[in-house]
Structure formats: structure tokens, C-alpha cells
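The following exercises concern salt bridges, strand pairing, one helix and an internal cavity. Each task is followed by a worked solution, to be read beside the sequence and the model.

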Amino acid sequence: MTRLTRRLRCSLEWFLCVLSEKWIRRIPFSLAPELPMAIVYSDAESHGDVAAVFVFEHRVSFIAGKLPGNVRKLLQERRTNLVAYELLAAILAIVTVDRLLPAHVGVRHFVDSTPALSCVIKGSSRQWDLNLLNGLLWFSNAARMRLYWGQYVRSVSNLADGPSRSDFALMPRLGACRLPFDCSELCPAAEQWLSRPRPSALVL
């Protein structure tokens with residue numbers, strides 16, 4: 001039996017609100033005059049470097065660093081795990097937003113990876129690790145009761161593209177403040193979700 005903790009109760013209340021109000025992807029724009037929205041960009045590189053840029057009330061801040069090896073080792077073996085890294089960058093951005101912004105501020109999140117954004121919008125993936133990471137992303141938003149909107153942006157317009165490649169030339173021109181790269185909340189959560197039993201193949 002699962003214990004109904006405060007965090008789980010808040011998550012269930014958030015989902016009930018979504019279902020009862022029948023939110024759709026254009027809702028954040030219709031609520032824009034009343035609800036403040038922060039702009040978030042995230043990006044990842046194929047070797048595990050990630051970055052996120054946060055814009056709210058004319059203030060710009062960013063994080064950049066490499067995903068810990070213990071999390072990367074839990075992912076499915078592929079030629080490249082870029083999509084998984086993009087999802088982890090998105091989750092890290094949401095966790096960091098929680099330290100920067102009040103709870104009532106929504107998030108409009110720009111991602112330049114169409115496969116990663118597709119996972120986020122659909123809410124699922126056929127690949128077990130991407131599916132679990134996507135669940136963690138939405139659970140993180142639900143636990144914080146944040147209105148969240150994922151949207152595509154071209155790489156050339158993604159403010160996090162440079163920092164993810166250790167190119168910080170644009171950041172001083174934006175007056176951006178670099179924040180500590182803190183994975184202390186991401187790592188245990190990702191390890192917990194990715195360590196769950198993998199779904200067995202369906203035999204017909």
C-alpha cells in the first residue's frame with residue numbers, strides 16, 4: 001500500500017485539476033495576462049553536457065555542466081543517448097526553476113530536440129528509459145503544481161545551445177548570472193525512476 005504523502009497528494013490534486021478543467025496546450029497563452037510565465041531553454045550534447053537558461057522579469061540566469069556518470073550508466077545502451085540527455089536537461093531545468101521562482105509562476109520551456117519534445121507532449125515513449133524519464137519530468141511539474149508548456153525552438157535560437165557546448169560568449173551580453181550546477185535532487189530521483197523494473201515483452 002502506498003502512503004499518501006503531502007507530495008503525492010499535491011500531485012494527485014494537480015492531475016485532478018488538469019482533468020476537470022480539460023486543459024489543452026493553448027491554455028497557458030489564454031492565461032498569460034493573469035499568470036506570470038518564465039521562459040526556460042534547455043539543451044544537451046551527445047557526450048552528456050547539458051545547460052539551461054532561465055528568463056523571468058528581465059533577469060537571465062543559466063546553469064551548465066556534465067550529467068553524472070552514475071545516471072548516464074542507467075540509460076539504455078544506444079549509439080547515442082542524446083534524447084535521454086535532452087530529457088534529463090529538461091528535468092534539471094524544472095528542478096532548478098523551483099529554487100529560482102515562486103510556485104505560482106508557470107514555465108514555457110523551449111527545446112530544440114523534436115524527439116525529446118515529442119516525448120514530453122505525448123507524455124510517453126516506447127523506449128523504457130525515455131518513458132520513465134518523461135514520467136519523472138511530469139511528476140516533477142505535478143509535485144510543484146506548475147503550469148508547464150513545452151515548445152520547439154530551432155537550435156540557432158536556443159539560448160542554451162552555446163552553454164551546453166561550453167560557449168558562454170552570449171551570456172555576458174545578456175547580463176546572465178551563472179548558477180551552481182546542482183544535481184543533488186536530480187540524481188536520486190533519476191536513479192529511483194530508472195531503477196524501476198523494466199516492462200517485460202508481451203508474448204502473443
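**Exercise 1. How many salt bridges does the structure contain, counting a side-chain nitrogen of Lys or Arg within 4 Å of a carboxyl oxygen of Asp or Glu?**

Step 1. The count comes to six salt bridges. The model is predicted, with local features needing pLDDT of at least 70 and side-chain atom pairs counting only at pLDDT 80 or more, while totals for chains, interfaces and linings use all residues. Residues are numbered from 1 along each chain as its sequence is written, and side-chain values use heavy atoms, leaving out hydrogens and water.

Step 2. One of the six joins Asp-129 to Arg-78, with the closest N and O atoms 2.5 Å apart. Asp-129 lies in helix H6 (residues 128–144) and Arg-78 in the loop between helix H3 (69–72) and H4, so this pair ties together parts that are 51 residues apart in sequence. Helices are DSSP runs of H or I with at least four residues, strands are E runs of at least two, and both are numbered from the N terminus.

Step 3. Burial is assigned from relative accessible area: buried is under 20%, exposed is over 50%, and partly exposed is in between (1.4 Å probe, protein chains only). Asp-129 is buried at 0%, whereas Arg-78 is partly exposed at 25%.

**Exercise 2. Describe how strands E2 and E3 pair, and locate the salt bridges along them.**

Step 1. Strands pair if DSSP finds at least two bridges between them. E2 (residues 49–56) and E3 (residues 59–66) are antiparallel and share eight bridges.

Step 2. Asp-49 has Lys-66 as its bridge partner in E3. The side chains of these two residues also form a salt bridge, at 3.8 Å from N to O. This contact links distant parts of the chain, Asp-49 in E2 and Lys-66 in E3 being 17 residues apart. Asp-49 is buried, with 17% relative accessibility, and Lys-66 is partly exposed, with 40%.

Step 3. The two strands form a hairpin with two residues between them, and Glu-57 in the turn has a positive phi of about 50 degrees. A salt bridge connects the side chains of Glu-57 and Arg-59 (3.7 Å, N to O). Glu-57 is exposed at 52% relative accessibility, and Arg-59 is exposed at 51%.

Step 4. E3 also pairs in parallel with strand E6 (residues 177–178), through two bridges. Within E6, Cys-177 is the bridge partner of Ser-61.

**Exercise 3. Compare the span of helix H6 with its expected span, and state how far the helix is covered.**

Step 1. The expected span is 1.5 Å times one less than the number of residues. For the 17 residues of H6 this gives 24 Å, and the helix reaches 25 Å from its first C-alpha to its last, close to that expectation.

Step 2. H6 is mostly covered, with 13 of its 17 residues buried. Just after the helix, Met-145 adopts a positive phi of about 55 degrees.

**Exercise 4. Which elements each supply at least two residues to the lining of the largest cavity?**

Step 1. On a 1 Å grid over the protein atoms alone, a cavity is a set of points where a 1.4 Å probe fits but cannot get out, and lining residues have an atom within 4 Å of a point. The structure holds one cavity of 30 Å³ or more.

Step 2. Helix H4 (82–100), strand E4 (106–111) and helix H5 (114–122) are the contributors sought. The lining residues include Glu-86, His-109, Leu-117 and Tyr-148.

How values were computed:
On a 1 Å grid over the protein atoms alone, a cavity is a set of points where a 1.4 Å probe fits but cannot get out, and a pocket is an open set with protein on both sides within 12 Å along at least five of seven lines; lining residues have an atom within 4 Å of a point. Grid points are joined across faces, edges and corners, and a volume is the space filled by probe spheres set on the points.
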